[in-house]
Every structure is written in structure tokens, then in C-alpha cells.
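Hi everyone, thanks for making time. I'd like to walk you through one structure today, starting with its cysteines and then moving on to its empty spaces. Let me put it on the screen.

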Amino acid sequence: MIPLQRPPLQPRLAAELERATAQVRAAGLNTASGRAAWRRAVRPKAQLRLMLRQMAPGLERCMYCGDNLGTDIDHFEPIAQAPLRTFDWQNHLLACAHCNSNRKRDRFPRDPATGDGLLVDPCREDPADHLRLYLDSGAYDPLTVRGEATIEVFGLNERPELVRGRRMMFAVVKALLLTWRAAATPAEAAEYAAALREIHHADVLRTVLALRRSRPLALAVLGPDVLDALDRLVRETGQAGEERGAGEDRAAGA
């Protein structure tokens, strides 16, 4: 998972969502009224889906696993638990069918003491504050109770294709960095830089970028040639992104 920026709604769409929320409230604050209203909201859903696709990582990847195509509008706090948030823009994320329908469904673990949700919301916080990605293994390690809940609900370590995919993507990122450095023309270099921006498992690239905050660790994990290419890429293209939260004590190595 990587942090995401949620754009503001256009006034017309915001007004439509407010009207839909009022209808849910009038029909009764229950799961059935929320789901029925959501099924009817064809036009607002199409607009929300477009906005979510534009803010999703890579090529419209799932905001949870980062691997599969984001096809579903997921209610972060499920309709079954919060029908009044059915049309809350802050409650919508783009998910793949597996994360949404097979893993999360209506699950939303809460802190037993406070009642607060325990899943990491990538639009409200930096997932790196809760999850440490080990590049060489492709596995996540929880840093907090919320990180632990997120790994469990979405099966971030249980699904072999995700772990293997992140591990393989680390090799791809290193190869792309070296290929970018050796590019013969600016057009070629731009193509490789764009490929880095749009890869699956954007959390791998973000973790690699964060390694620059700890030079000895970066050298050990990436090697001198890849680290040099990474430094040059950041200097020449500004492709550093947001590196906060995955620094010296969290950057993942072997």
C-alpha cells in the first residue's frame, strides 16, 4: 500500500451525493436502505469510479493489494456498519474484486477499547507508518496493531501471488533503473521512467525510493550501480514521490 491523494469533488457531484445521503437517512439507517440506494445511483457511481481510477496507483491498481486491476468501488467502512457513509466520498476506495468481495466484504475490525477502525486508510495516512515491506522476501511486517489487521484482512502475506509479485517487482525495479541510466536517447529514458511510475506493486518502488534516506542500507540492498541510477533518476526527473514514513528505521532490506 502507498499513500494516495484524494481530490475534492466537483460541486454538482457533491450535491448529488448529499441528496443520496438524505434519501438513505429518510429511508431508515440500515444496511438494506444503504445498499438499495447505492444500486440505484448509476450516474454518481460512474463519476466516482472515474475519479478513483485517476487517483489509483500504477495502472489503476487496487488501492489495497496494489497488484490487480481496481474494478470495484469499496466502502472502506462497510455499508453494513455505516449506512450513512454509503455516499461519503471519504469512504470510497478502488479495490480489485478479490480484495473487495473475497477478503474484505463487510469486515472492518475495530479497537475493542475505542471502537475506532483498525484498517489502514491510504488516503488518510501513510501505510509505511503501520507496515514494513521487506524487498528481498516480498512480505510485509506489521509495525502496529492497525498494520497487523490490514495484513490479515487483505491477506497481504497469505496470498502467494502477492508476495512473489512484490519480490519479482523488486528485481524489475532494479533492472529498469539500470536500463534507464543506460538509455541511448531522452525518449528512451522517458519511456523507462514512465514504466517505473506505472508498475504494479507501487509499494515496491516507494520502498526503494525511501532507502535513499539510509545510505549504508541502500548500498547494501541495492548495490552501488542501482543506487547511483536511483539518485540520478530522482535528481533528473524528480521521481522521488513522497518518501516520508519509510526511512532509516523502516526501510526494508534482506
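Searching the whole structure turns up zero disulfides, a disulfide being a pair of cysteine sulfur atoms within 2.5 Å. Cys-62, for instance, is in no disulfide, and the nearest cysteine sulfur, that of Cys-99, is 3.8 Å away.

Before I go on, a word on the source: this is a predicted model, so local features need pLDDT of at least 70 and side-chain atom pairs count only at pLDDT 80 or more, while totals for chains, interfaces and linings use all residues. Residues are numbered from 1 along each chain as its sequence is written, and side-chain values use heavy atoms, with hydrogens and water left out.

Back to the cysteines. Why is Cys-65 not bonded to Cys-62? Their sulfurs are 3.9 Å apart, which is too far for a bond, and Cys-62 holds the closest cysteine sulfur to that of Cys-65. Cys-62 is buried, at 0% relative accessible area, and Cys-65 is buried too, at 2%. For the record, buried means under 20% relative accessible area, exposed over 50%, and partly exposed in between, with a 1.4 Å probe and protein chains only.

Now for the empty space. Rolling a probe the size of a water molecule over the atoms shows where empty space is left. You'll want the recipe: on a 1 Å grid over the protein atoms alone, a cavity is a set of points where a 1.4 Å probe fits but cannot get out, and a pocket is an open set with protein on both sides within 12 Å along at least five of seven lines; lining residues have an atom within 4 Å of a point. Grid points are joined across faces, edges and corners, and a volume is the space filled by probe spheres set on the points.

By that rule there are two cavities of 30 Å³ or more. The second largest has a volume of about 70 Å³. Both Cys-62 and Cys-65 are in its lining, together with others including Met-1, Tyr-64 and His-201. By class, that lining has eight nonpolar residues, two polar and one charged. Here Ala, Val, Leu, Ile, Met, Phe, Trp, Tyr, Cys and Pro count as nonpolar, Asp, Glu, Lys and Arg as charged, and the others, Gly among them, as polar.

What about the second largest pocket? About 210 Å³ of space lies in it. It is lined by 14 residues, and the closest to its centre are Ile-73, Asp-74, His-75, Asn-100 and Arg-105. The elements giving two or more residues to this lining are α2 (31-40), α3 (42-55), β1 and α4 (97-104). Helices (H or I, at least four residues) and strands (E, at least two) are DSSP runs, numbered from the N terminus. The lining of this pocket comprises four nonpolar, three polar and seven charged residues.

Let's look at two of those central players. His-75 sits in strand β1 and is buried, at 8% relative accessibility. Both faces of β1 (residues 72-75) are covered, with Asp-72 and Asp-74 on one side and Ile-73 and His-75 on the other, all buried. Arg-105, in the loop between α4 and β3 (131-133), is partly exposed at 43%. Although not a glycine, Arg-105 has a positive phi of about 50°.

That's my tour, and I'm happy to take questions!
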